[in-house]
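The exercises below are meant to be worked with the sequence and the model open side by side. Try each task before reading its solution.

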Amino acid sequence: MEVGGLPVELWQLILSYLRLPDLGRCSLVCRAWYELILSLDKTRWRQLCLGCLKHRHPNWPNKPGVEPWSWREAFKQHYLASKTWTKNTQDLESSNCLSLFRRRKGRRQLCIGAGGEFSSLRAALAVASPYDRLVLLPGVHEEQGEVLLKVPVEVVGQGKLGDVVLLASIDQHCPTAHLCNMVFMPARFTSVLYKTTSGYVQFDNCNFENGQLQIHAPGTCQVKFCTFSQSSIHLRSVALCVLENCEFTGSENASVTVEGCPSSDRNWACKHLAMLAKSCAASMREPDPASCPVAKQDGWGESLLGPVRTCEIVVGEEQSSFLSAVGAQALLGSAQEDIEFGENLRAAKEEEYPALDSNSSDSDLCSDDEEDAQAAYKLPYQAHSLSHTLANVTHSRLQSNRLLALQRELKLKSLQQELQQDKEAQSLANSLQGCIIRQCLFRDGKGGIFIYSRGQAKLEGSIFRDLTYAVRCIQNSKVIMLRNDIHHCKASGIFLRLSAGGLIADNNIHSNCEAGVDIRKGANPLVLCNKIHSGLRSGIVVVGNGKGIIRSNQIYGNKEAGIYILYNGNPAVSGNHIFQGLAAGIAVNENGRGQITGNVICENQWGGADIRHGGDPILRNNLIACGYSDGVVVGERGKGLIEGNAIYGNKGCGVWMMSSSLPHLINNQISHNSIYGVAVFCCKDDTGDYPPGQAGNESFQEEREGAGGENDPDSEEEYPAARHPISVALVELNSINHNGAAGLHIKSSEALNIIANVIHANCDGGVAVLQSSQLTRIADNSISCNSRGGVLVEAECQVELRGNGIYENSSHGIISKGEGVIAENDIIGNHRCGLRLLQTADMKVTKNRIQSFRDYGIALFDEAKGLVQENVIFQGRSKKSILQPMSNAEDCIIQNNVLLTFKKRFDMECMLINPPARPHIEGGAPRSCMVAGGQRVSSITSRVDGGCHNHGSIFCTIL
């Protein structure tokens, strides 16, 4: 019969009455009929799938309202799975004979119950033959004593689920069995519902109440479409078992316990279960990341924060997906905020930086040819050793090429990309050992999955909610978790300890009362591509020698630190996006360590990274941006290598350091932060300084007792060899620019080294040393174009300024009221004095090259003391060189200085050549300045009465 003879709608109506065998025969007629049978997917195939006693909705219990992509395919998978128990061939000589035996029409069906042939299940089993079908009629069937299952049979409840209740304890001694469509309750004398130690058992569409299933190797099981109410499954050394589409509620302990290493003694059913698991895995489509952005929960559960904001950052004409729209708006408005902040700061400090005198004010130098005059007297300094770095920060925004490079490097990877690059993760994701749990629901109980003593489990597409904990994996066990939803647990969502491992990937972990993932006691998992958010504590905690690889996760909206590392925790944290946290992005505390590289840490309420109390991480190549506090906080006794990070647009300081800390801050881009670029303070940490819940409230007593490191033989592995310890905090090779206050703000009680940094265009001074009871060494830095002075040294501060280039700052080059050495610096083109010594200053000023366009090269006031010797002063337009009131002449020696003036423009271009413009880091010691032939040098030697400071000389050279 031709298909075209009738409308398709009529064919579909006719075919909808056919049974399954007839549909199969019709699909074999021709291609047109095959396609016609396929077109019945939402009608006849749906009816068959939902009408079978062995099946429930394919997406039960997690998403029963969501239709499968193909009802026919779902029915096929369920049908094949329900026949696994019949594939045993060990009891017959020939598989062909077994096939004929199973299909013979004479296979018996025995009815049990009121009106049936047998009054009890025990009586029916006594006469049953292999593969007979035992039908329990509606009612309650109670068995006295343990029931032994010695022959393979199928036990099926008649009617709807709930019509048949079986109170029994069954011990299986046969190779295979199948139980379907009934409610299991334990007998009065035991809590064990079913037990097998060697055979395979298959449960379909059953309810288990107040009891336990026990499966011991080499036995195995398949459990599908079952409900466990205050019931559990205990698996001991099982090589492979499958739990699918099951619901676990109200458990008093773990719902599923997996104990022992998967046995090498495999049951006959293991190969069939493996094939079934692979086919089901292939049919589970991975969600498209583009269709599941952070802003959509898409069934993952509601965030406590509500919809998460979309992310973008504008750089020139390009856009990045790093930061939220709020962050982007903050960046767009940061220039205006910086200007306003700078104006307010300047007004507040007007008395601190008084005008030199009325003759040196800006007003008397203002004229129409001001710019031309400045150009004529300008000394080129752009060829110094840090000029290449300076060229990258001359714009008022973080450079497009640098940010775009970060964007490419720090883009969040998908799970597929991670698995392609990481063969270990790929192997774990594809492994099929132990207990496989798919699309199950665990709710309203104490625990979900407990894995111990080298057990192994794989969890896919399941939901864990309103439990005490979702997964607990300990004692060298292994857990593989893919695409699960874990939320509203009363403790941690996933807990790993005692050398546990595995793969935790593409899960949604949120709204838990403790950490989303808790890694302790040598546990070492792979944590990839998860969403960990809205927790009432930290997102991930690594503690007590815990390790792990934490990569490509989205960690946001947690009440405490996104990642919290302490007590010798040492994870590798890379490629994560950690944002919108209510505390720090990453906190490293109490001797925690870790390698934290290539992360995007933004829009957190407290520091992007917070390091305290012996924390000693490697913080490298991260983007730490748009935080509502400081970018990086190094608190009391904090340590660590902070290298190559972009610390940008934070509302507080770029880096906030305690003077008692010992960080190594090297090669970072610290820019556009609202307050200081780098701030060093000497106040002690109080408990109140921590964000709420950030520090002392965590319960880590076990780890605290054994946190010394001596109990971990691997604690020194792969860590200190890469770094040399430092005894003085070091700020080196950083670019500190366009910050809202001083580039470097120092109030320190400890020694500090500031070496080879570019400090440029900050809205206040370049470097402000307000307190320094021990030596602060400032060497080989480029300090330029800052809105106030280049360097400010307050009274009683000890400072060594050597080899710096201090250029074109809007006020004085250096103001000092303290003690120390100012040697071999280039102080050129600053708008006020090159060097100004005030009050009780006691400085040795030697071998500097100084030029001020408008004001004195060197000015000494009040009771300033010291030695001013062998400096070269380039005369600016004002023709002012050195100002020294005679009142302090006896305490200050000024001798052997050189004053240079010029006749030709050519002379100006040669001034900073030999030695070249400072800083020059890689060259040798600076050579003495040679006087060119075109220069006129004038010197007057006179005798000054009274004693002289330091060297006792009574001769001074006055320029």
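**Exercise 1.** Find which residues of helix 5 are buried, and check the length of helix 5 against the span expected for its twelve residues.

*Solution.* The model is a predicted one, and the first step is to go along helix 5 looking for residues with under 20% relative accessible area. In helix 5, the buried residues are Trp 71, Glu 73, Ala 74, Phe 75, Gln 77, His 78, Ala 81 and Ser 82. The second step concerns length: at 1.5 Å a residue, the twelve residues should span 16 Å, and the end C-alpha atoms of helix 5 are 16 Å apart, so the two values agree.

**Exercise 2.** Describe how helix 4 and helix 5 cross, and sort the residues of their contact by character.

*Solution.* Two packed helices are described by the angle between their axes and the distance between the axes. Helix 4 covers residues 44-51 and helix 5 covers residues 71-82, and their axes come within 8 Å of each other while crossing at roughly 35°. The crossing of helix 4 and helix 5 is left-handed. On the side of helix 4 the contact is made by Trp 45, Arg 46, Leu 48, Cys 49 and Leu 50, and on the side of helix 5 by Trp 71, Arg 72, Phe 75 and His 78. Sorted by character, the residues of this contact divide into six nonpolar, one polar and two charged.

**Exercise 3.** Locate the salt bridges of Glu 67, Arg 188 and Arg 236, and state for each partner whether it is buried, partly exposed or exposed.

*Solution.* Side chains of opposite charge can pair when their charged atoms come close. A search of the whole structure finds 27 salt bridges, and three of them are followed here.

- Step 1: Glu 67 pairs with Lys 42, with 3.4 Å between the closest N and O atoms. Glu 67 is in the loop between helix 4 and helix 5, whereas Lys 42 is in the loop between helix 3 and helix 4, 25 residues apart. Glu 67 counts as partly exposed because its relative accessibility is 40%, and Lys 42 counts as exposed because its relative accessibility is 57%.
- Step 2: Arg 188 pairs with Glu 142, and here the closest N and O atoms are 2.2 Å apart. Arg 188 belongs to the loop between strand 9 and strand 10, and Glu 142 to strand 3, with their places 46 residues apart in the chain. With a relative accessible area of 72%, Arg 188 is exposed, while Glu 142, at 33%, is partly exposed.
- Step 3: Arg 236 and Glu 259 meet at 3.2 Å, N to O. Arg 236 lies in strand 16 and Glu 259 in strand 19, so this salt bridge ties together parts that are 23 residues apart in sequence. Arg 236 is partly exposed, with a relative accessible area of 37%, and Glu 259 is buried, with 18%.

**Exercise 4.** Describe the surroundings of Val 680, beginning with the strand that holds it.

*Solution.* Val 680 lies in strand 52, which covers residues 678-681. A relative accessible area of 2% makes Val 680 buried, because the cut-off for that class is under 20%. Leaving aside residues up to four places away in sequence, Val 680 touches Met 657, Met 658, Ser 659, His 745, Ile 746, Lys 747, Ser 748 and Leu 752. For a distance to check in the model, take the C-alpha atoms of Val 680 and Ser 661, which are 19 residues apart along the chain and separated by 9.5 Å.

**Exercise 5.** Examine the peptide bonds before Pro 218 and Pro 919, and the phi angles of Ser 237 and Asn 568.

*Solution.* Most residues other than glycine have a negative phi, and most peptide bonds are trans. Ala 217 and Pro 218 are joined by a cis peptide bond with omega about 5°, and Pro 218 is placed in the loop between strand 13 and strand 14. Another cis peptide bond joins Arg 918 and Pro 919, with omega about 0°; Pro 919 lies in the loop between helix 16 and strand 76. Turning to phi, Ser 237 has a positive value near 55° and is in the loop between strand 16 and strand 17. Asn 568 has a positive phi of about 65°, and this residue, found in the loop between strand 37 and strand 38, is buried at 9% relative accessible area.

How values were computed:
Residues numbered from 1 in each chain as written. Predicted model: local features only at pLDDT ≥ 70, side-chain atom pairs only at ≥ 80, totals over all residues. Heavy atoms only, no water. Axes fitted to C-alpha atoms, helices over the stretch in contact; angles between N-to-C directions. Helix = DSSP H or I, 4+ residues; strand = E, 2+ residues; numbered from the N terminus. Left-handed = near helix turned anticlockwise from the far one by under 90°. Contact = heavy atoms within 4.5 Å. Nonpolar A, V, L, I, M, F, W, Y, C, P; charged D, E, K, R; others polar. Salt bridge = Lys/Arg side-chain N within 4 Å of Asp/Glu carboxyl O. Buried < 20%, exposed > 50% of the residue type's maximum accessible area, 1.4 Å probe, protein only. Expected span 1.5 Å × (residues − 1).
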